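I opened the file to take notes on overall form first and on the sheet after that. The entries follow in the order I looked things up.

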Amino acid sequence: MHSLKFIRENTSLIQDAISKKKCDIDLDEILGIDFKRRTLIQEVESLKADRNTINNKVSLNKKENKDCSSLIDEMKNISIKIKALDNDLNEFNNNLNQKLMYIPNIIHKTVPDGLSENDNVVIKEWGTKPSFSFKPLSHMEICEKLNLVDFKRGSKISGSAFPLYIDKGAKLERSLINFMLESHINNGYKEIFPPFLVSSQSPFTTGNLPKFKEDMYYIENDDLYCIPTAEVPVTNYYRDEIVDEDKLTEKFVAYSACFRREAGSYGKDTKGLHRLHQFNKVELMKFSKPENSYDELESLLFDAESILQKLGLHYRVISLCSGDLSFSAAKCYDIEVWSPFENKYLEVSSCSNFESFQSQRGNIKYRKKKDNKSDFMHTLNGSGLATPRLMIALLETYQNKDISIKIPDQLFDYFKEKVIK
């Protein structure tokens, strides 16, 4: 959440983000409320100064045994006015704070300009698209024939979009998670195993609340939210704290189940493992000094890419345009893995720099060595990776004509078998 001072000094930047991210926010209205609020503050401060002056006169008159009843009445009248103005001020502050929650993060100057995902820019591709001497099967057909995921029983147990991994499917899912965790830990990330339920302040910090409340599962009796990603608990690790500059950049990796209502998924591909209400993901998180954060974004992207390279899966990296950028992000790269059956790319990771947007919402600061002053750190995160579409690409890429699946060499230490038959 931006400070009012920042908004006043960077009105064009804020308006640009509001327009390009298609947020229904009236910035002129917010600035008008802020102006009235500051006018009220000046009026209240002036009245308080008058009251203090009169109070001093009352004290002097009492010492000199002079009548001070009129001064006392005047002071009471001023206090009544101050109380009324304070009530007005509270209303202005509450109204303003509500509106500030919906102002998006600014857009970094290197983000491509565009209106929608059609304007995203392909940065690079890695590997080659697999070719087959036979007609490849879809991941759903493979899962059914090899008894890897039971979509019907999963639906019976919980409803649609809750997959039930079984036998070698469950083993492969667990192997992928462990492989990704250990790969990132070996690359300098510190592992966290976070809670999957959080209080409302945590998703407020990340920008999920209040704007995207309808996409989250809420447990009313306990006033807790199911996390949509491990980004939510891990970002709040340093909430309301000031850490020493020497600790930055700090890197965390966390596995979690992720829960999403997918309230806006109507008309999108929801078959199989494509768009789920519950799925698994390994998340990468960085806390960085502002001057280093864009270098850290590039290395975060590289770390996420390395998983696909180790697994030998063809993918591409795109830079999201301004119109496709999320509410909280200042810049974002998506990594899309190739699905041979569907003949298209599927998103498996988003790597984002939020600059100080989340830190301001969560009061996450670091203390500078040079002057001992505190400042908001920058937060970054990326999937490293989400498993559903990774599983789709892996099963479809490594399928054989006899409907067996070759296991990539990098997974052998975890899966302990070279082929699923």
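I checked burial first: buried residues account for 49% of the 421 residues in the protein. The model is a predicted one, and I read every entry with that in mind.

I then looked up the accessible surface, which comes to about 20,800 Å². Carbon and sulfur atoms hold 46% of that surface.

Next I took the overall dimensions. The C-alpha trace spans about 105 × 50 × 35 Å along the principal axes. I found a radius of gyration of 27 Å, whereas a compact globule of 421 residues would have one near 22 Å.

For contacts, I considered pairs of residues at least 6 apart in sequence; 74% of these contacts join residues at least 24 apart.

I noted 13 helices and 16 strands in the protein. Of the strands, I followed an open sheet of 8 with mixed pairing, in the order S1-S9-S10-S11-S14-S8-S7-S2. Its edge strands are S1 (121-126) and S2 (190-192), each paired on one side only. On average, neighbouring strands of the sheet are turned by 25° against each other, direction ignored.

I looked closer at one pair. Strands S10 (residues 331-339) and S11 (residues 344-353) run antiparallel and are joined by 9 bridges. Cys 332 has Ser 352 in S11 as its bridge partner.

Last, I listed helices on the sheet. H12 (residues 387-397) touches S8, S10, S11 and S14, and its direction makes about 30° with that of S10. H10 (residues 293-311) lies across S1, S8, S9, S10, S11 and S14, and I noted an angle of about 5° to S14.

Key:
Residues numbered from 1 in each chain as written. Predicted model: local features only at pLDDT ≥ 70, side-chain atom pairs only at ≥ 80, totals over all residues. Heavy atoms only, no water. Pairing = 2+ DSSP bridges. Helix = DSSP H or I, 4+ residues; strand = E, 2+ residues; numbered from the N terminus. Axes fitted to C-alpha atoms, helices over the stretch in contact; angles between N-to-C directions. Contact = heavy atoms within 4.5 Å. Rg over C-alpha atoms; globule rule 2.2 N^0.38 Å. Buried < 20%, exposed > 50% of the residue type's maximum accessible area, 1.4 Å probe, protein only. Areas by Shrake-Rupley, 256 points an atom, 1.4 Å probe, with all protein chains shown as cover.
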